[in-house]
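Here is a short report on one chain, written for a reader who works with coordinates. Start from a single side-chain contact and work outward.

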Amino acid sequence: DGAIDGCAAVLEQDPAACLGALSLSPGNYLYIPYSEMVTALGENDPPRPAWCLFDQNDAESAFCSEIEGDYYYKESWSDGNLHGMHLITPNLDPKPLDRILEFIRMVTSD
């Protein structure tokens with residue numbers, strides 16, 4: 001949750017401070033609903049993308065599948081309750097690290 005909450009917070013101080021947020025297995029841990037932060041980033045000018053990568057068997061992150069939005073992207077795996085950095089494993093297809101690189105290229109392209 002820190003990625004999306006932090007992005008929204010710094011954008012209040014500096015409109016150019018955050019290009020978007022990618023979360024691995026968020027879980028509403030910081031008492032701010034993740035879906036509200038997705039909406040907030042999408043309402044910025046320009047809108048900021050929010051990406052959620054999660055395992056379908058991770059009950060704490062299951063809500064990611066229910067969120068919708070023009071600037072929201074979600075991708076999930078079902079390989080055994082992989083949470084957070086446990087998603088960074090070479091046997092998943094597609095590879096989460098490839099998705100992270102794709103996100104970085106997207107937000108840093110001109």
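In this predicted model, the side chain of Ser61 reaches the backbone oxygen of Pro26 at 2.7 Å. Ser61 sits in the loop between β2 (50–55) and β3 (72–77). Ser61 counts as buried because its relative accessibility is 0%, and the cut-off for buried is under 20%. Beyond its neighbours within four places in sequence, Ser61 is in contact with Ser25, Pro26, Phe54 and His83. Gly27 is 34 residues from Ser61 along the chain, yet their C-alpha atoms are separated by 5.1 Å.

**A second residue in that loop**

Asp58 also lies in the loop between β2 and β3. Is Asp58 buried or exposed? Asp58 is buried, because its relative accessible area is 4%. Leaving aside neighbours within four places in sequence, Asp58 is in contact with Ser25, Asn81, Leu82 and His83. Ser25 and His83 thus appear in the contacts of Ser61 and in those of Asp58. The C-alpha atoms of Asp58 and Ser76 are separated by 9.9 Å, with their positions 18 residues apart along the chain.

**Backbone details**

Ser25 belongs to the loop between β1 and α2. Its phi is near 55°, a positive value in a residue other than glycine. Ser25 counts as buried because its relative accessibility is 2%. Asn28 is found in the loop between β1 and α2 as well. Asn28 is not a glycine either, and its phi is positive at about 55°. At 31% relative accessibility, Asn28 counts as partly exposed.

Two peptide bonds are cis. One joins Asp45 and Pro46, with omega about 0°. Pro46 is in the loop between α2 and β2. The other joins Asp93 and Pro94, again with omega about 0°. Pro94 lies in the loop between β3 and α3.

The table collects the accessibility values of the loop residues.

| Residue | Loop | Relative accessibility | Class |
|---|---|---|---|
| Ser61 | β2 to β3 | 0% | buried |
| Asp58 | β2 to β3 | 4% | buried |
| Ser25 | β1 to α2 | 2% | buried |
| Asn28 | β1 to α2 | 31% | partly exposed |

**The sheet**

What is the strand order of the sheet? The open sheet has 3 strands in the order β1-β2-β3, with parallel pairing. β1 (21–24) and β3 are the edge strands, and each pairs on one side only. From one strand to the next, the twist averages 10°.

How many bridges join β1 and β2? These strands pair in the parallel sense over 4 bridges. The β2 and β3 pair is also parallel, over 6 bridges. Leu24 has Leu53 of β2 as its bridge partner. Leu53 also stands opposite Glu75 in β3.

β2 is mostly covered, with 6 of its 6 residues buried. In a regular strand, side chains alternate between the two faces of the sheet. Both faces of β2 are covered. Ala50, Cys52 and Phe54 are buried on one side, and Trp51, Leu53 and Asp55 are buried on the other. Leu22 has Trp51 of β2 as its bridge partner. The chain passes from β1 through helix α2 (residues 34–42) to β2, in a right-handed β-α-β crossover.

**Helices on the sheet**

Helix α1 (residues 2–13) lies across β1 and β2 and runs at about 155° to β1. Helix α3 (residues 96–108) packs on the sheet and touches β1, β2 and β3. The direction of α3 makes about 175° with that of β2.

Arg99 is placed in helix α3. Not counting residues up to four places away in sequence, Arg99 touches Leu22, Trp51, Leu53, Tyr73, Glu75 and Pro94. The side chains of Arg99 and Tyr73 are joined by a polar contact of 3.5 Å. Asp14 is 85 residues from Arg99 in sequence and 27 Å away, C-alpha to C-alpha.

**Confidence**

The chain has a mean pLDDT of 93, and 99% of its residues reach 70 or more. Among the elements of the chain, β2 has the highest mean pLDDT (97) and α1 the lowest (94). Where pLDDT is low, the predicted coordinates should not be read in detail.

How values were computed: Residues are numbered from 1 along each chain as its sequence is written. This is a predicted model: local features need pLDDT of at least 70, side-chain atom pairs count only at pLDDT 80 or more; totals for chains, interfaces and linings use all residues. Side-chain values use heavy atoms; hydrogens and water are left out. Buried means under 20% relative accessible area, exposed over 50%, partly exposed in between (1.4 Å probe, protein chains only). Contact means heavy atoms within 4.5 Å. A polar contact is a pair of N or O atoms within 3.5 Å; within protein, one must be able to donate a hydrogen and the other to accept it, and residues adjacent in sequence count only if both atoms are side-chain atoms. Two strands pair if DSSP finds at least two bridges between them. Axes are lines fitted to C-alpha atoms, for helices over the stretch in contact, and angles run from 0 to 180 degrees between N-to-C directions. pLDDT is the predictor's confidence in each residue, from 0 to 100. A crossover is right-handed if, with the strands pointing away from the viewer, the path from the first strand over the helix to the second runs clockwise.
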